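Trainee: Got a minute to look at a model with me? I'd like to start with the ligand.
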Amino acid sequence: MSKRILILNGPNLNLLGTREPDIYGTDTLADIHALCRKAAAEFNLEVDFRQSNHEGVLIDWVQEARTGYAALIINPAAYTHTSIALHDALKTISIPVIEVHISDPAQREKFRQTSYVGMIAAETVSGRGAAGYAEAVAIAAKLI
Ligand code: DQA
């Protein structure tokens, strides 16, 4: 039976494709979902891919990852830099957590310099565009 990985996306990532394309590119979230499915299939992994604009929903989903998933990939978007609640939720799960960002927050505004998720993540992929998600899937496969 193939293992399942959970891929979570935070606020405003539903707008990818039209949202600040100079920073985030023109791939839509549906394109990224397809990319992840393809990357996961190479490792015989199944993907459960979700997006929410709501912090509490993301936290509920992180808690869901406590059972039935082999790894969690998360692009927490702006909650990366603000959410101690997400940080705490991620601390409760024992599967590998991989943080992914399309842009490289370290090269951007000062308010993006702290990642409460990066403090928990086994690995972070930043600044690789949409392709970073495929890299995160490969890292998840390695860590499982
Ligand atoms: C992002 C980077 C965050 O700083 C920003 O708030 C996002 C997207 C990225 O994928 O590059 O919404 O997580």
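Mentor: Sure, one term first: a polar contact is a pair of N or O atoms within 3.5 Å. This is a predicted model, where local features need pLDDT of at least 70 and side-chain atom pairs count only at pLDDT 80 or more, while totals for chains, interfaces and linings use all residues. Residues are numbered from 1 along each chain as its sequence is written, and side-chain values use heavy atoms, leaving out hydrogens and water.

Trainee: Okay, how far is a ligand oxygen from a polar backbone atom of Ile102?
Mentor: That distance is 2.8 Å. A ligand oxygen is also 2.8 Å from a side-chain N or O atom of Asn75, and the side chain of His101 has an N or O atom 2.8 Å from a ligand oxygen.

Trainee: And how much of the ligand does the protein bury?
Mentor: The protein buries 99% of the 330 Å² that the ligand exposes when taken alone, by the Shrake-Rupley method with a 1.4 Å probe.

Trainee: Switching topic, how many cavities of 30 Å³ or more are there?
Mentor: One. A cavity here is a set of points, on a 1 Å grid over the protein atoms alone, where a 1.4 Å probe fits but cannot get out. The largest cavity holds about 130 Å³ of space, a volume being the space filled by probe spheres set on the points.

Trainee: Which residues are closest to its centre?
Mentor: Of the 13 residues lining the largest cavity, those are Tyr24, Ala77, His101, Arg108 and Arg112.

Trainee: What takes up that space?
Mentor: The ligand does.

Conventions
A polar contact is a pair of N or O atoms within 3.5 Å; within protein, one must be able to donate a hydrogen and the other to accept it, and residues adjacent in sequence count only if both atoms are side-chain atoms. On a 1 Å grid over the protein atoms alone, a cavity is a set of points where a 1.4 Å probe fits but cannot get out, and a pocket is an open set with protein on both sides within 12 Å along at least five of seven lines; lining residues have an atom within 4 Å of a point. A molecule sits in a cavity or pocket if more than half of its atoms lie within 2 Å of its grid points.
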